[in-house]
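Colleague: I would like a close look at one part of this model, the surroundings of one of its ligands, with enough context to judge the contacts.

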Amino acid sequence: MTETRFTPRVFSGIKPSGGLTLGNYLGAIKRFVAMQGGGFETIYCVVDLHAITVWQDPAGLRDATREVAAGYLAAGIDPARSILFNQSQVSQHAELGWIFNCVARVGWMNRMTQFKDKAGSNAEKVSLGLYAYPSLMAADILLYHATHVPVGEDQKQHVELTRDIAAKFNHDFGVEFFPLTTPVIEGPATRVMNLRDGTKKMSKSGESDMERINMTDDADTISKKLKKARTDPAPLPETLDELEGRPEARNLVGIYAALADMTPEAVIAEHAGAGWGTFKPLLADLAVEKLAPISTEMARLMADPGEIDRILGQGAEKARSIAEPILRQTYDIVGLLRS
Ligand code: AMP
Ligand code: TRP
């Protein structure tokens, strides 16, 4: 299928389930900002319908939705150049999600590693929504005929499933209607790890706040967390290959590279032989320089929730104007009668 007939369009989303982390920033938001004005239409979403696949306190969900929106804005997403909205204000997501529940196969869902990880031994008790979630994610993307989806490494399998859903829909109905979306998983920080255990992903939830950097952390907190990050006794090596088997060291080099817009190779070349007593303060200063202005701006934005709500509302209106015709055509293809 030729994909050239599709407008180059980026879609991505972040769940408002708890606060934003450095992983969200480096693995997602910073890269979303870089894609603005790069020959793509850019659409960024706060995916609140995904958040409720696990219980969310209603008032907390509204606050977290505004916080993710503030994170996008503070980091440089410009509502004049990108469409920025929260998912539940565009009902077409849920409607296309249902169609895709009827396209995706149970066997496909059973292979989703994130579901297996999240459900764990509790698989009988989690919500049906958590299981069906990748099908809603496919709807988020394909509702806009998005051609490119920037995400962190952990979302690769879900974007591949999105391609499978598009291909099966096109095949079942004999159309070339949905594009086969390309996952964009690039740069030195597509998987930022936990600061206390370099074998675990940095995530919004976790026992200790010291294991992650929150986008709302102030300068002192950012600096303290990085200086206390777990490391091993060896200094930085001469080559990247020698970081093999040193997950904490590898992670701090990746974070430095992403913050400084360098490759990990260049970071190693510059700091080979440095001990942690030298490298960690440099990393802490760099992180404070890049992140503290964002957390300050987030606080400013969060003080005026009405303004955030207004921006999301305007974004939702623009999103709907793309989504509605695509949903209508989908219904027609499927044979759903319209009077
Ligand atoms: P979530 O917060 O789970 O909705 O994730 C939103 C986006 O951030 C997705 O593209 C994730 O892949 C990305 N992301 C989340 N955590 C990390 C991490 N530790 N490292 C890199 N990317 C991440
Ligand atoms: N599933 C993604 C996550 O947990 C969030 C998400 C929902 C998303 N819909 C999306 C990401 C569409 C990219 C495109 O991180």
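How far is a nitrogen atom of ligand 2 from an N or O atom in the side chain of Gln 155?

Modeller: The distance from a nitrogen atom of ligand 2 to an N or O atom in the side chain of Gln 155 is 3.0 Å, a polar contact (a pair of N or O atoms within 3.5 Å). This is a predicted model, in which local features need pLDDT of at least 70 and side-chain atom pairs count only at pLDDT 80 or more, while totals for chains, interfaces and linings use all residues. Residues are numbered from 1 along each chain as its sequence is written, chains are lettered from A and ligands numbered from 1 in the order in which they are written, and side-chain values use heavy atoms, with hydrogens and water left out.

Two further side chains make such contacts with a nitrogen atom of ligand 2: Tyr 133 through an N or O atom at 2.5 Å, and Asp 140 at 2.7 Å. Taken alone, ligand 2 exposes 360 Å², of which the protein buries 93% (Shrake-Rupley areas with a 1.4 Å probe). Around this ligand there are 13 residues, each with a heavy atom within 4 Å of it, and those that come nearest are Lys 15, Tyr 133, Met 137, Asp 140 and Gln 155. Helix α7 (128–142) and strand β1 (9–14) each supply at least two residues of the shell, and α7 gives the largest share, with 4 residues; helices (H or I, at least four residues) and strands (E, at least two) are DSSP runs. By class the shell divides into 7 nonpolar, 4 polar and 2 charged residues, with Gly counted as polar and Tyr as nonpolar.

Beyond the end of α7, the loop that leads to β4 (148–150) contains His 145, a residue other than glycine whose phi is nevertheless positive, near 50°. The relative accessible area of His 145 is 11%, so this residue is buried (under 20%, where exposed is over 50%).

Lys 15 is also among the residues that come nearest to ligand 1, alongside Gly 152, Asp 154, Val 192 and Lys 204, out of 18 residues around that ligand. A backbone N or O atom of Lys 15 lies 2.9 Å from an oxygen atom of ligand 1, a backbone N or O atom of Gly 152 is likewise 2.9 Å from an oxygen atom of the ligand, and a polar backbone atom of Met 202 is 2.9 Å from a nitrogen atom of ligand 1. Ligand 1 on its own exposes 480 Å², and the protein buries 94% of that. Here the elements that give two or more residues to the shell are β1 and α1, with α1 contributing the largest share, 4 residues. The shell around ligand 1 holds 6 nonpolar, 7 polar and 5 charged residues.

As for α1 itself, 12 of its 14 residues are buried, so this helix is largely enclosed by the rest of the structure; among the buried residues are Tyr 25, Lys 30 and Arg 31. Thr 21 caps the N-terminal end of α1, with a side-chain oxygen 3.1 Å from the backbone nitrogen of Gly 23. A kink of about 30° in α1 is centred on Ile 29, and the helix is followed by Gly 37, whose phi is positive, near 70°.

Notes. Bend = angle between axes of the 7 residues up to and from the residue. Buried < 20%, exposed > 50% of the residue type's maximum accessible area, 1.4 Å probe, protein only. Polar contact = N/O pair within 3.5 Å; in protein donor to acceptor, adjacent residues only side chain to side chain.
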